[in-house]
There are 2 protein chains.
Amino acid sequence: MPADPSERLLEFLQKRAALSREEAVVFAARWSVQRQLKRGDYLCSIGKMEQHVWFIAEGLLRIYYPTDTEEVCVGFSYEDTVVSSFPSFIRQQPSTFSIQALEKCTALGITRTDLYVAIDTWPAVAKLWSGLLEQVVTGLIEREIEISTTTPEQRYHNLLRRAPYLFQRVPLKYIATYLRIKPETLSRVRRTGISAS
Amino acid sequence: MPADPSERLLEFLQKRAALSREEAVVFAARWSVQRQLKRGDYLCSIGKMEQHVWFIAEGLLRIYYPTDTEEVCVGFSYEDTVVSSFPSFIRQQPSTFSIQALEKCTALGITRTDLYVAIDTWPAVAKLWSGLLEQVVTGLIEREIEISTTTPEQRYHNLLRRAPYLFQRVPLKYIATYLRIKPETLSRVRRTGISAS
DNA sequence: CTGATTTCTTGATTTCAATCAATTTTTAGG
DNA sequence: CCTAAAAATTGATTGAAATCAAGAAATCAG
């Protein structure tokens with residue numbers, strides 16, 4: 001894992017997209033917006049127009065939307081993942097999400113125009129984009145099903161199994177909103193160490 | 001609105017994709033699987049591999065997944081919409097959804113291979129596909145937000161405003177599961193005719 | 001048209017997680 | 001290292017919708 005963000009992006013692209021080395025280098029160069037975030041900083045805020053898709057080279061962020069009374073996490077992003085406020089980016093509408101660094105982060109961004117030009121230029125990039133959207137779609141659907149078919153306790157155990165690393169890096173109060181339960185409930189569920197099926 | 005399913009598909013494609021008339025005709029011809037469904041028939045069932053994306057030329061269907069105790073509707077499809085068990089179609093895994101006709105339906109299907117060939121052949125089809133996926137993504141996200149930020153009553157009024165036609169065509173018990181409430185609750189919410197904000 | 005089945009409504013009761021209210025523990029920044 | 005702020009825990013209580021239980025109304029197939 002290279003420390004250099006661009007090098008890391010290049011590896012990511014070559015692993016994920018059917019691009020030649022040269023194409024990958026050219027495409028990677030279009031991810032020209034570098035952001036350094038410290039804990040608490042925002043990559044995107046409610047109401048702002050999302051102009052980029054971000055590659056996270058380092059760090060961890062939460063993606064959330066606010067309600068009257070709390071902030072509900074829809075997901076987390078970390079090293080070697082791609083994140084954006086997709087509905088805002090796709091439709092060019094004000095974002096309904098905020099994306100906040102929970103750790104010091106390094107992100108590389110590509111603009112909307114650059115991305116769509118790349119999609120039109122390289123079929124492999126078009127494929128990468130559809131693949132990413134497909135992943136988002138299947139992820140959202142699976143998540144919706146899980147939330148509505150499982151108990152808070154099951155969801156906790158499922159997440160613990162699928163993504164134990166989150167519990168090392170994310171305050172439980174954010175994990176709680178991601179599981180659609182209150183921190184108090186999560187605390188109680190953890191105490192009674194009932195094992196998952 | 002033409003009665004002929006193929007003609008209807010052609011109109012749909014020309015409206016939605018930047019295809020020339022000739023391209024549209026050639027692409028439309030790949031939607032070669034025609035299905036006639038009567039009330040109660042299935043376009044896709046749990047556990048089956050979804051092999052097609054379907055264009056609905058006529059009729060109305062519900063898309064749902066089963067839980068221990070009920071069937072939860074994730075959406076409806078009707079004339080001039082496209083439907084599939086997307087996660088199954090995309091990943092070629094057994095479907096976690098069933099898609100059932102609530103009325104007599106006519107559907108035209110394109111196979112996975114035919115679709116992906118078309119995507120690779122015509123940039124406009126690739127665009128159509130990404131556009132469709134983008135629509136699914138934004139729809140799912142908005143829905144997730146709505147479900148977790150609104151009361152059953154608000155959701156009922158929102159749906160009544162956005163899609164009044166569903167109430168003409170779909171039994172309330174299916175609408176209830178779509179709103180993530182029990183039929184009894186929906187009934188009570190409808191009785192107390194409190195108007196939406 | 002008509003009887004059977006499905007769907008919808010209404011009432012009584014229960015339940016699971018939310019809320020409210022303090023502490024205790026942990027963490028981060030000076 | 002120390003202290004203030006943030007996060008987590010624990011207990012008591014509440015509440016909104018689910019569940020349970022009949023009936024009434026609508027619909028569909030023969």
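**Chat: DNA strand D, two cavities and a sheet**

Student: What in DNA strand D is 2.6 Å from the side chain of B:Thr185?

Tutor: A phosphate oxygen. In this predicted model, the atom on the protein side is an N or O in the B:Thr185 side chain.

Student: Which part of DNA strand D does A:Lys173 reach?

Tutor: A phosphate oxygen of DNA strand D lies 2.4 Å from a polar side-chain atom of A:Lys173.

Student: And A:Ser187, what kind of oxygen is that one next to?

Tutor: A sugar or linking oxygen of DNA strand D. The distance from a polar atom in the A:Ser187 side chain is 3.0 Å.

Student: Which elements give two or more residues to the surface near DNA strand D?

Tutor: From chain A, α8 (172-178) and α9 (183-191). From chain B, α9 (183-191).

Student: Which of them gives the most?

Tutor: α9(A), with four residues.

Student: How many residues surround DNA strand D?

Tutor: 15. The closest are A:Leu172, A:Lys173 and A:Arg191, along with B:Pro152 and B:Thr185.

Student: What classes make up that surface near DNA strand D?

Tutor: Nine residues are charged, four are nonpolar and two are polar.

Student: Of the atoms of DNA strand D within 4 Å of the protein, how many are sugar or phosphate?

Tutor: 69% of them. The rest belong to bases.

Student: New topic. How many cavities of 30 Å³ or more turn up in the whole structure?

Tutor: Two. About 130 Å³ of space lies in the largest cavity, and about 40 Å³ in the second largest.

Student: What lines the largest cavity?

Tutor: A set of chain A residues. Among them are A:Phe12, A:Leu13, A:Arg16, A:Phe27, A:Trp31 and A:Trp129. Others include A:Val53, A:Val82, A:Leu115 and A:Leu132.

Student: Which elements supply two or more of those lining residues?

Tutor: α1 (5-16) and α5 (123-149), both of chain A. The largest share comes from α5(A), with four residues.

Student: What about classes in the lining of the largest cavity?

Tutor: Eleven nonpolar, no polar and one charged. A:Arg16 is in that lining, and Arg counts as charged, so A:Arg16 is that one charged residue.

Student: Now the second largest cavity. Which residues line that?

Tutor: A:Arg143, A:Glu146, A:Arg155, A:Leu159, A:Arg162, A:Tyr178 and A:Leu179.

Student: How many of that lining are charged?

Tutor: Four are charged, three are nonpolar and none is polar.

Student: Which elements each supply at least two residues there?

Tutor: α5 and α6 (152-162) of chain A. α6(A) gives the most, three residues.

Student: Switching to strands. What is the order in the four-strand open sheet of chain A?

Tutor: β2-β7-β4-β5, with antiparallel pairing.

Student: Which strands are at the edges?

Tutor: β2 (42-44) and β5 (71-78) of chain A. Each pairs on one side only.

Student: What holds paired strands together in general?

Tutor: Backbone hydrogen bonds, in parallel or antiparallel pairing.

Student: How many bridges join β2(A) to β7 of chain A?

Tutor: Two, and the strands run antiparallel. β7 covers residues 98-101.

Student: What is the bridge partner of A:Tyr42 in β7(A)?

Tutor: A:Gln100.

Student: Last one. By how many degrees are neighbouring strands of this sheet turned against each other?

Tutor: 30° on average, with direction ignored.

Methods:
Residues are numbered from 1 along each chain as its sequence is written. Chains are lettered from A and ligands numbered from 1 in the order in which they are written. This is a predicted model: local features need pLDDT of at least 70, side-chain atom pairs count only at pLDDT 80 or more; totals for chains, interfaces and linings use all residues. Side-chain values use heavy atoms; hydrogens and water are left out. On a 1 Å grid over the protein atoms alone, a cavity is a set of points where a 1.4 Å probe fits but cannot get out, and a pocket is an open set with protein on both sides within 12 Å along at least five of seven lines; lining residues have an atom within 4 Å of a point. Grid points are joined across faces, edges and corners, and a volume is the space filled by probe spheres set on the points. A residue is near a molecule or strand if one of its heavy atoms lies within 4 Å of it. A polar contact is a pair of N or O atoms within 3.5 Å; within protein, one must be able to donate a hydrogen and the other to accept it, and residues adjacent in sequence count only if both atoms are side-chain atoms. Two strands pair if DSSP finds at least two bridges between them. Axes are lines fitted to C-alpha atoms, for helices over the stretch in contact, and angles run from 0 to 180 degrees between N-to-C directions.
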